[in-house]
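Here is a short report for someone meeting this structure afresh. Take a look at the model, then read on.

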Amino acid sequence: MQHDVASLVAPRELGGGTVVSRIKEYILTNHLSPGDPLPTENELSQQLNVSRSRIREAVKTLSALDIVEVRHGYGTYVGQLSFRAMVESLAFRGMLNAEDGLHVFAELVDFRELIETSLAGQIMDRLTPQAALSMRRLTEAMAEKAARGEEFPAEDREFHLLLMETSGALAVGMTGAFWDVHALASRSLGPPDDLQETVDGHVAILDAIEMGDADQLRKAISAHYAPVRERMTRQLPRK
């Protein structure tokens, strides 16, 4: 049974931020999941004892965070709770200040490497044969594109998402978000110096997994991130 939002608030006009909090509380209290419908704007207005304009303002804020999704003509639903807002914020920060942005992007590369190396043992234990086969096919597609002088961002992203599937949805979501910011940063760095080197880095990661060597996997992951870190370092001004 869904709880009435009115039971969660005092009978007074609430500030915009408080309305946002109460809608989030409603989602949590009723154990709603992504895709579940929320009360109509009019129903929320009555239950929260605030104007519809306040409800509309709060919904816009929550929509920007992907906590709710407005489907015009259908209603408002619980959103997919993605990392979209974080990606857009970090990317925009990089656009506002190129030097500051490069520092942020370099830190993200460090963070991605840290996550993957720290999970090396878990990756070894949990990566399924089907995922390993998919990753091998991705490296083959990368090699074909590299031979034609083409970049392969879609294959690169999917490779790392499959790597993180061993750790659950949160790790996959964070990896996807960080990869998207990384991809945006790469545009300001120009094309990679050596596409084949990037292919080889992915192949080395997969080879280490198939050999069952966690230490070699950590080394392969670090070696894979070294070239992009070096490219970013070259763009930073010398102090």
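Helices and strands here are DSSP runs, at least four residues long for a helix and at least two for a strand, and they are numbered from the N terminus. With that in hand, start with a pocket. α2 (41–48), α3 (52–64), β1 (68–71) and β2 (75–78) each give at least two residues to the lining of the second largest pocket. The largest share comes from α3, with four residues. This pocket holds about 290 Å³ of space. Its lining counts 15 residues, and the closest to the centre are Glu41, Val59, Val70, Gly75 and Thr76.

**Confidence**

The model is predicted. Mean pLDDT for the chain is 81, and 77% of the residues reach 70 or more. Two helices mark the extremes, as the table shows.

| Helix | Residues | Mean pLDDT |
|---|---|---|
| α4 (lowest) | 84–96 | 59 |
| α7 (highest) | 129–147 | 96 |

One stretch calls for care. Residues 5–16 have a pLDDT below 50. In the model, this stretch still has 29 contacts beyond near neighbours in sequence.

**Overall layout**

The chain has eleven helices and two strands. Along the sequence, the order is α-α-α-β-β-α-α-α-α-α-α-α-α. Of the 239 residues, 40% are buried. The chain exposes about 13200 Å², and carbon and sulfur atoms supply 53% of that area. Which contacts link distant parts of the sequence? Among contacts with a separation of 6 or more, 67% join residues 24 or more positions apart.

**Two nonpolar cores**

The largest nonpolar core has 36 residues. Those with the most contacts inside this core are Ile123, Met135, Leu163, Met164, Ile205, Ile209 and Leu217. Which helices supply at least two residues each to this core? They are α5 (98–118), α6 (120–126), α7, α8 (153–164), α9 (169–189), α10 (195–211) and α11 (214–235).

Leu163 gives a detailed view. Leaving aside neighbours within four places in sequence, Leu163 is in contact with Glu116, Ile123, Met135, Ile205 and Ile209.

A second core is separate from the largest one. This second core has 17 residues, including Val19, Ile55, Ala58 and Val78. Ile55 and Ala58 fall within the range of α3 (52–64), and Val78 falls within β2 (75–78). Both α3 and β2 also supply residues to the lining of the second largest pocket.

Notes:
Residues are numbered from 1 along each chain as its sequence is written. This is a predicted model: local features need pLDDT of at least 70, side-chain atom pairs count only at pLDDT 80 or more; totals for chains, interfaces and linings use all residues. Side-chain values use heavy atoms; hydrogens and water are left out. pLDDT is the predictor's confidence in each residue, from 0 to 100. Contact means heavy atoms within 4.5 Å. Buried means under 20% relative accessible area, exposed over 50%, partly exposed in between (1.4 Å probe, protein chains only). Accessible areas come from the Shrake-Rupley method with a 1.4 Å probe; for residues, only the protein chains shown count as cover. A nonpolar core is a set of buried Ala, Val, Leu, Ile, Met, Phe, Trp, Tyr and Cys residues joined through side-chain atoms within 4.5 Å. On a 1 Å grid over the protein atoms alone, a cavity is a set of points where a 1.4 Å probe fits but cannot get out, and a pocket is an open set with protein on both sides within 12 Å along at least five of seven lines; lining residues have an atom within 4 Å of a point. Grid points are joined across faces, edges and corners, and a volume is the space filled by probe spheres set on the points.
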